[in-house]
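This report goes through selected local features of one model: backbone outliers, helix packing, aromatic pairs and two residue environments. The sequence and structure come first.

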Amino acid sequence: MLLHLSTWQEVETYLQQSGGIIIPIGSTEQHGPTGLIGTDAICAEAIARGVGETTQAIVAPTINVGMALHHTAFPGTISLRPSTMIQVVRDYITCLAKAGFSKFYFINGHGGNIATLKAAFSETYAHLDDLQIPNAHKVQCQVANWFMCSSVYKLAKELYGDQEGSHATPSEVALTQYVYPEAIKQAPLSSEVGSGHRIYGAKDFRQYYPDGRMGSNPALATPEHGKQFYELAVKELSNGYLEFLSAE
């Protein structure tokens, strides 16, 4: 059940049975020479819809832009500042909490969002208390990173070994190839790829990771791999959502 394809009456009926909602969140950032700029949002959205279908949960519109300031030296990247992202997440949750939602399961596709999301949750709990929303004390938020699912991590290591890397990875590129086979990109990739450098500002990032990859070889990706990653992530996160929904 997609929120943006539902009516308010349908949402009202849903809330009589469940206070849970799935919110996909990603990023709009460079993903190397062959990775789509929307990779993180595409992956999060596809998996969230799969989890929603499996668990009969409402899925909110995807938050496509996240915290990607360190990628902004590459054309096409769009980023929110952490402070802006905190307010966006807080406003999403506040509107939905006023309607009666209480369990917010964020399916995340971008590692750079994690710290800001956790800060946003703390800000939101306090904000809802300040507003004295009746069910404020029942509101709980959880972030579920699809790429950190144990089954996904295991398969990535089996398929790619150390060439999985940590950004513009073959696993995430494979998933986008599965979702959008018509948008598969081909480009020459140098055998040498940056890795092991700490992340600071955007110019520093581009200096040490000149083509945008971080230790990865996305040339190994295939749509067939992407289907496997999709199915594993949907299964594991569906179980995670149901456990979150039933927990006190």
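## Positive phi residues

A168 is buried, because its relative accessible area is 0% (buried means under 20% relative accessible area, exposed over 50% and partly exposed in between, with a 1.4 Å probe and protein chains only). The residue sits in the loop between α5 (150-160) and α6. Its phi is near 55°, a positive value in a residue other than glycine. Most residues other than glycine have a negative phi.

The model is predicted: local features need pLDDT of at least 70, side-chain atom pairs count only at pLDDT 80 or more, and totals for chains, interfaces and linings use all residues. Residues are numbered from 1 along each chain as its sequence is written, and side-chain values use heavy atoms, with hydrogens and water left out.

Q132 also has a positive phi, of about 55°, although it is not a glycine. Q132 belongs to the loop between α4 and β4 (140-145). With a relative accessible area of 68%, Q132 is exposed.

## Packing of α2 against α8

Helix α2 (residues 39-55) and helix α8 (residues 223-246) have axes that come within 9 Å and cross at roughly 55°. Helices (H or I, at least four residues) and strands (E, at least two) are DSSP runs, numbered from the N terminus. Axes are lines fitted to C-alpha atoms, for helices over the stretch in contact, and angles run from 0 to 180 degrees between N-to-C directions. The crossing angle makes α2 oblique to α8 (under 35 degrees counts as roughly parallel, over 145 as roughly antiparallel, 65 to 115 as roughly perpendicular and the rest as oblique).

The crossing of α2 past α8 is right-handed; a crossing is left-handed if the near helix is turned anticlockwise from the far one by less than a right angle, and right-handed if clockwise. On the α2 side the contact (heavy atoms within 4.5 Å) is made by A46, I47, G50, V51, T54 and T55, and on the α8 side by Y230, A233, V234, L237, S238, Y241 and L242. These residues divide into 9 nonpolar, 4 polar and no charged. Ala, Val, Leu, Ile, Met, Phe, Trp, Tyr, Cys and Pro count as nonpolar, Asp, Glu, Lys and Arg as charged, and the others, Gly among them, as polar.

## Packing of α2 against α6

The axes of α2 and α6 are 9 Å apart, and the two helices pack at an angle of about 65°. Here α2 passes α6 in a left-handed crossing. T39, D40, I42, C43, A46 and I47 of α2 meet E172, L175, T176 and V179 of α6. By class, this contact has 6 nonpolar, 2 polar and 2 charged residues.

## Aromatic pairs

The structure holds 9 aromatic pairs. Rings of Phe, Tyr and Trp (its six-membered ring) pair if their centres lie within 6.5 Å; planes under 30 degrees apart count as stacked, over 60 as edge-to-face and the rest as tilted. F106 and F121 form a tilted pair, 5.3 Å centre to centre with 45° between the planes. F106 lies in strand β3 (residues 103-108) and F121 in helix α4 (residues 114-131), so the pair ties together parts that are 15 residues apart in sequence. Both F106 and F121 are buried.

The ring centres of Y178 and Y230 are 5.7 Å apart and the planes lie at 45°, so this pair is tilted. The pair links distant parts of the chain, with Y178 in helix α6 (residues 170-179) and Y230 in helix α8, 52 residues apart. Y178 is partly exposed, with a relative accessible area of 31%, whereas Y230 counts as buried at 18%. F74, F205 and Y209 form one aromatic cluster.

## Environments of M214 and V11

M214 lies in the loop between α7 (202-208) and α8 and is buried, with a relative accessible area of 11%. Leaving aside neighbours within four places in sequence, M214 is in contact with G165, S166, H167, V193, G194, I199, F205 and Y209. The C-alpha atoms of M214 and T77 are separated by 16 Å, and the two residues are 137 residues apart along the chain.

V11 lies in helix α1 (residues 8-15) and counts as buried at 11% relative accessibility. Not counting residues up to four places away in sequence, V11 touches M1, L3, S6, I58 and F101. From V11 to L232 the C-alpha to C-alpha distance is 29 Å, with their positions 221 residues apart in sequence.
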